[in-house]
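Dear colleague,

Please find below the structure that I am handing over to you. I would be grateful if you could keep it open while reading the notes that come after it.

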Amino acid sequence: MKILKSFLYGLMAAATLGGFSSCQDNIDAPEFEVPVATLKANTTIFEVKRAFWDDATNYATEIGTKEDGSHYIVAGRVITTDEPGNVFKSITIQDETAALTFSVNTYNLFLNYRVGQELVVDLTGLTIGKYNGLQQIGRKEWYASGNAWEVSFMAPELFYSHVQVNGLPEPDKVIVHELQSIGDIPSGPDGLCAWQSQLVRLNNITFVPQVDTETGEIVTTFGLYKKNFNQKVLLDGTEITLRTSGYSDFFAEEMPTKPCDMTCLLSYYGSAWQILIIDVNDIENEGNPTLPSGTETNPWSVDDAIARIQQGQTPTGWTRGYIVGTVAPEVTDVTSSTDIEWGAQATLANTVVIAPEADCTDFSRCIVVSLPQNSVMREYVALKNHPENLGKTLDIYGTLDTYLGTFGITNNQGTAAEFRLEGVDVPEGSGSGIADGDGTEASPYSAAQVVAMGTDANVANVYVKGYIVGWVDNTISNYADENNCVFSVPATAATNILIASNAGETDYTKCAVVNLPTGTIRSAVNLVDNPGNLGKIVTMKGTIRKYFAIPGVRDLTEASVSDGEGGGSVTPTPTPGGSELWSATFKSSEDGFTYDIVSMDPALTYVWTRDTQYGYMKASAYVGQSYASDAWLVSPVLDLASATSPVITFEHCINKFPSVDVAKSQCSFAVREVGGTWKTLDIPTWGTNTSWTFVASGDISLSAYAGKQIQLGFHYTSENDASGTWEVKNIVITGNGSITVK
């Protein structure tokens with residue numbers, strides 16, 4: 001970030017306040033007193049943002065005291081300056097956990113608070129909330145059009161009274177987070193709290209000029225005079241809104257026409273991320289951008305790949321190294337350099353060893369790559385077959401991990417799409433993916449054929465085969481696109497996988513999405529519980545039908561996962577006890593559920609509510625403190641007259657309760673016959689009460705209600721000194737027959 005000018009101005013201002021003197025007067029110059037804050041931080045910015053988070057687009061809550069009566073006090077360094085004019089009446093600070101924006105009704109905050117200056121802030125007595133999706137500190141204001149409270153500009157005097165300056169500005173301590181893709185931001189409240197208002201570096205971006213709707217002309221400058229104008233920036237294939245004030249000192253400058261890098265503020269508006277340029281000088285490397293590492297165009301070096309494995313990382317991507325040898329026969333754990341056959345004479349063809357230099361013979365600096373049996377990669381790469389490959393560069397796609405006791409690359413199926421060998425052109429179609437079939441068990445349809453059938457297809461009881469290449473994050477949206485199709489693990493959604501005909505596929509338009517039904521198929525195939533399945537081949541029987549608005553495979557009755565075409569272990573997955581009879585996801589509506597409020601403290605405006613952004617039902621009774629409540633989330637009447645062996649499952653999350661035991665006593669699942677009383681049923685699986693991660697409830701039998709009309713109830717209670725948050729989604733009843741909604 002280009003903050004030197006602002007920093008120097010600050011020093012000049014300090015000198016002016018102290019008075020200038022000549023060399024002769026130096027002896028009498030007063031010493032500059034470094035400010036020292038008397039306040040001490042007792043919590044982190046993330047902890048405060050998360051404690052007072054509300055999923056609503058707009059809200060405003062006064063920050064009270066902590067449970068022990070102490071104030072909420074945070075410390076952070078200033079990361080914004082309003083000097084160039086694009087940051088308007090606000091200032092943002094960050095610590096190691098998150099960033100927090102203060103909305104202050106004054107200009108020229110940079111004169112008092114320089115970039116890199118540490119501020120200690122007593123938050124108790126201030127108001128936290130959102131202004132159209134962005135969480136910040138400010139003044140409580142009624143938003144009539146939205147029928148909600150929101151946070152707007154606080155009086156500067158109020159801000160000054162809660163802030164203390166600590167030390168001198170240290171801009172080198174400002175943290176700039178590198179963000180390769182918007183899709184890398186974790187979904188849900190945790191991701192929003194951690195990433196909203198952060199300072200980020202975006203590499204290899206392209207500015208995309210937009211049309212001025214008033215004139216119909218394309219705008220190639222950053223903005224328009226005295227108007228807020230939205231341009232676009234393309235990052236990793238996704239367009240992000242770029243907000244520029246017509247009062248900034250750079251709005252009339254032409255945007256770069258070539259790819260470049262940029263440091264900027266990651267903001268939020270409505271339900272989407274947007275970015276703000278703080279200073280136009282923060283745009284760098286036009287025409288020569290920094291390329292993301294681990295990509296085909298910018299592979300990891302062997303040294304970089306090894307460093308990542310040593311740090312416990314297991315990313316999937318491209319690595320480049322020199323071919324230097326092969327693992328020796330009968331070696332199952334590479335523990336020394338003698339376990340490698342260095343040079344061109346190789347006894348076996350099942351591995352190749354790559355290094356950072358062509359003459360390296362130190363095993364600790366090398367990576368072992370498996371060459372799958374009968375694969376095109378073994379055919380073209382193995383030194384046993386091609387001693388002339390010694391010293392050539394090999395680019396290979398796969399997951400960095402340990403292999404044969406040392407550093408390795410795994411989850412590579414050996415197709416032509418997964419490697420590049422220096423000076424060798426692999427003929428098109430050579431092992432390039434799974435072959436097309438006719439949909440029979442002996443010759444399944446390929447994933448490419450499913451994609452070609454389109455979203456109008458409805459073909460039942462056929463076999464399909466493909467590589468597991470990723471998953472769809474259904475907390476972002478209920479349709480698949482470049483924003484929520486994820487081609488790496490860990491995964492957070494167990495209900496689906498993405499398949500393709502090539503193992504290295506990362507283009508969602510070439511993938512089909514597979515719905516994994518509750519039961520043993522989901523348990524064995526999903527990437528949440530089985531991250532090692534990424535890159536493996538799945539064969540399934542089901543119906544080719546649209547899912548997440550793209551071609552898909554649904555209603556599976558069989559599925560098996562194998563290591564690859566050349567043999568390997570097969571994980572059988574038995575047919576579950578029936579198919580999906582009814583479901584409620586809450587992605588776009590309440591799905592017929594209603595709220596039954598038994599009691600609610602007047603301080604609360606709701607107990608149960610639907611999160612409209614991420615699509616789940618949430619119960620909470622905390623608004624700065626815990627309040628007593630008793631409320632039900634009740635399903636429509638379900639007629640099980642034609643259903644046999646019904647089983648219900650759902651995904652749920654508990655957090656912020658005093659303990660898991662308290663959560664179990666305050667949250668429960670029950671069933672009642674129409675006109676009858678509620679009967680509580682045991683929920684087999686609960687979360688840890690320490691995160692916002694959803695867990696599968698486990699199977700809950702409804703066999704006692706087969707042939708009856710019932711309602712489902714999710715019961716939440718709380719007390720004045722004990723509450724938490726319970727979130728529920730993806731309720732599914734499986735079995736045989738059918739269910740009718742009354």
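The notes below concern one strand with its partners, and then a charged patch.

Please bear in mind that this is a predicted model.

I begin with strand 24, which spans residues 393-403. Of its eleven residues, eight are buried, so that the strand is mostly covered.

Strand 24 pairs with three strands, taken here in turn. With strand 20 (residues 316-327), the pairing is antiparallel and comprises seven bridges. Within it, Gly398 of strand 24 lies opposite Gly317. Strand 26 (residues 419-421) also runs antiparallel to strand 24, and three bridges join them. Here Asp395 has Arg420 of strand 26 as its bridge partner.

The third pairing involves strand 25 (residues 406-410), again in the antiparallel sense, over five bridges. Thr402 is matched with Phe407 of strand 25 as its bridge partner. Strands 24 and 25 form a hairpin in which two residues separate them. Leu404, in the turn, has a positive phi of about 50 degrees.

Turning to the surface, a patch of negative charge is made up of Glu67, Asp68, Glu719 and Asp721. Glu719 belongs to the loop that connects strand 46 (709-718) and strand 47 (725-737). Because its relative accessible area is 45%, Glu719 is classed as partly exposed. That value is also over the 30% required of a patch residue.

With kind regards

Terms used. Residues numbered from 1 in each chain as written. Predicted model: local features only at pLDDT ≥ 70, side-chain atom pairs only at ≥ 80, totals over all residues. Heavy atoms only, no water. Patch = residues over 30% accessible without salt bridge, like charges linked within 9 Å, V, L, I, M, F, W, Y side chains within 5 Å. Areas by Shrake-Rupley, 256 points an atom, 1.4 Å probe, with all protein chains shown as cover. Salt bridge = Lys/Arg side-chain N within 4 Å of Asp/Glu carboxyl O. Lys, Arg positive; Asp, Glu negative; His and termini not counted. Charge placed at Lys NZ, Arg CZ, Asp CG, Glu CD. Helix = DSSP H or I, 4+ residues; strand = E, 2+ residues; numbered from the N terminus. Buried < 20%, exposed > 50% of the residue type's maximum accessible area, 1.4 Å probe, protein only. Pairing = 2+ DSSP bridges.
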